[in-house]
Structures are given as C-alpha cells and as structure tokens.
Amino acid sequence: MFLDARDRVVVIIDGANLYATSKAIGIDIDYRALLTDFQERCRFIRAYYYTAYLEDQEYSSIRPLIDWLDYNGYTMVTKPAKEFSDSSGRRKSKGNMDIEITGDALDLSPHYDHLILFSGDGDFTALVAAVQRRGKKVTVVSTLSTPTPMIADDLRRQADFFVDVVDLTKKFGRPVPGAPESSESNES
C-alpha cells in the first residue's frame, strides 16, 4: 500500500462492505496487524470502523468483533439496523452507514493528508472527489478478484490509489476454515 511516512493518515472502514469482501475471498482480516502496520509506516491518526447491528437480538455475530475492535485501538461508529419486511413478507435488515462515513471523512479532512477508505461502494465516489478537492490523497481498498468485482468502477477510477484486499491479505489475512480459496491462491 502506498504510504508516505510524512503523511497524516486516517483509515475509514465500511464494516459491512469489508466483511462481504473478505467473506467473498475466504479470508479473515488480522485487524491488529493492520493497525500496527499503519502506526509504524506513517503519521497515523486514527482508524474508524463503521457498522450497523441488530439491537434487539440476544446474540449478534458482529458484537464480539465490535467489542474487540473498540478495545484494541479502533474508533467504533455504530448504529442499530432497521428491520423491515420485503415485498415477499421476509424479514430483512438495513443499516447503511454512508452518511456517517461521508460526514466524518469531510469533518476530519483538515487533520489528515491521506484517507484510506476500505469500501468498494460506488456511493463514495463523490466523497473521494470532495476530499481530493481539499488537497488530500485517497486510497480505496476493495477487490477485483471476485467473479463480480466488489468495487464500483467509478470509485476505483476516482481514487488516487487502489489496493486489492487480496494483496493485503498476504500480510494481514488468515484463511477461514471451510471457505472457498481465493482465485489467487488457486493459481500457485
């Protein structure tokens, strides 16, 4: 990942998007090693992790991760997901964090030189452009390695730098037992 040691860096992680990406390539992210790498390679400011969760569930599979990240150096931004019934009557949940991510990235921009955005969501293309107009560099982290790319083409083109999660997982990933191997590991 391109980092200038002089840059003040903020990391913003779209939790739902990174989760879907890492699941699609069959890897768990080593968040401790990732944070340590940023702290050692640049003037690291903070890492934010955004996620929604179901508030009324007795057990939420995301809760242990939220707690671990919160206790281990990440700033957690969470909100309850909204439950609804779709047209077929199935219960669904929705917890979009785009507004929170956008607001924070813009509010924090006077304090960083380089934004690292972990998301492939094309809705962030305008955010990346706005941050760049403020003189900031933006790296987008997602993947092109899945059968359907997890990153919107417009977002990838707008970013100053693109890093494929598959490349990061060589240093910060652990295979998930029973998960399909990524296409890259099948080529060896």
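## Salt bridges, a buried threonine and a helix pair

D167 has a relative accessibility of 43%, and this residue therefore counts as partly exposed. D167 belongs to a predicted model with eight helices and 10 strands. Of the 188 residues of the protein, 45% count as buried. Among contacts between residues at least 6 apart in sequence, 66% join residues at least 24 apart. The points below cover salt bridges, the surroundings of T139 and the packing of helix 1 on helix 7.

**Salt bridge within helix 7**

- D167 forms a salt bridge with K170, and the closest N and O atoms are 3.5 Å apart.
- The two residues lie in helix 7 (residues 165-172), and because D167 and K170 are three residues apart there, about one helical turn separates them.
- K170 has a relative accessible area of 60%, so K170 is exposed, whereas its partner D167 counts as partly exposed at 43%.

**Salt bridge between distant parts of the sequence**

- A search of the whole structure finds 10 salt bridges.
- One of them joins D7 and K137, with the closest N and O atoms 2.4 Å apart.
- D7 lies in the segment before strand 1 (8-14) and K137 lies in strand 8, so this pair ties together parts that are 130 residues apart in sequence.
- D7 counts as buried because its relative accessibility is 8%, which is under 20%.
- K137, at 23% relative accessibility, counts as partly exposed.

**Salt bridge within helix 2 and its network**

- The side chains of D37 and R41 meet in a salt bridge, with an N to O distance of 3.0 Å.
- Both residues are in helix 2 (residues 31-41), where D37 and R41 are four residues apart, about one turn of the helix.
- D37 counts as buried, with 7% relative accessibility, while R41 counts as partly exposed, with 31%.
- A network of salt bridges links D37, R41 and K171.

**Surroundings of T139**

- Strand 8 (residues 137-142) contains T139, and K137 of the salt bridge with D7 is also in strand 8.
- T139 has a relative accessible area of 0%, so T139 is buried.
- The side chain of T139 makes a polar contact with the side chain of H114, at 2.7 Å.
- Apart from neighbours within four places in sequence, the residues in contact with T139 are F2, H114, L115, I116, L117, F161 and V163.
- H114 is thus named both as a contact of T139 and as the partner in the polar contact between side chains.

**Packing of helix 1 and helix 7**

- Helix 1 (residues 15-25) packs with helix 7 at an angle of about 80°, and the axes of the two helices are 11 Å apart.
- Helix 1 and helix 7 are roughly perpendicular to each other, because the angle of about 80° lies in the range of 65 to 115 degrees.
- By class, the contact of helix 1 with helix 7 has four nonpolar, two polar and no charged residues.
- On the helix 1 side the residues are L18, T21 and I25, which meet V165, V166 and T169 of helix 7.
- Helix 7 also holds D167 and K170, which form the salt bridge with a closest N and O separation of 3.5 Å.

How values were computed: Residues are numbered from 1 along each chain as its sequence is written. This is a predicted model: local features need pLDDT of at least 70, side-chain atom pairs count only at pLDDT 80 or more; totals for chains, interfaces and linings use all residues. Side-chain values use heavy atoms; hydrogens and water are left out. Buried means under 20% relative accessible area, exposed over 50%, partly exposed in between (1.4 Å probe, protein chains only). A polar contact is a pair of N or O atoms within 3.5 Å; within protein, one must be able to donate a hydrogen and the other to accept it, and residues adjacent in sequence count only if both atoms are side-chain atoms. Contact means heavy atoms within 4.5 Å. A salt bridge is a side-chain nitrogen of Lys or Arg within 4 Å of a carboxyl oxygen of Asp or Glu. Axes are lines fitted to C-alpha atoms, for helices over the stretch in contact, and angles run from 0 to 180 degrees between N-to-C directions. Angles under 35 degrees count as roughly parallel, over 145 as roughly antiparallel, 65 to 115 as roughly perpendicular and the rest as oblique. Ala, Val, Leu, Ile, Met, Phe, Trp, Tyr, Cys and Pro count as nonpolar, Asp, Glu, Lys and Arg as charged, and the others, Gly among them, as polar.
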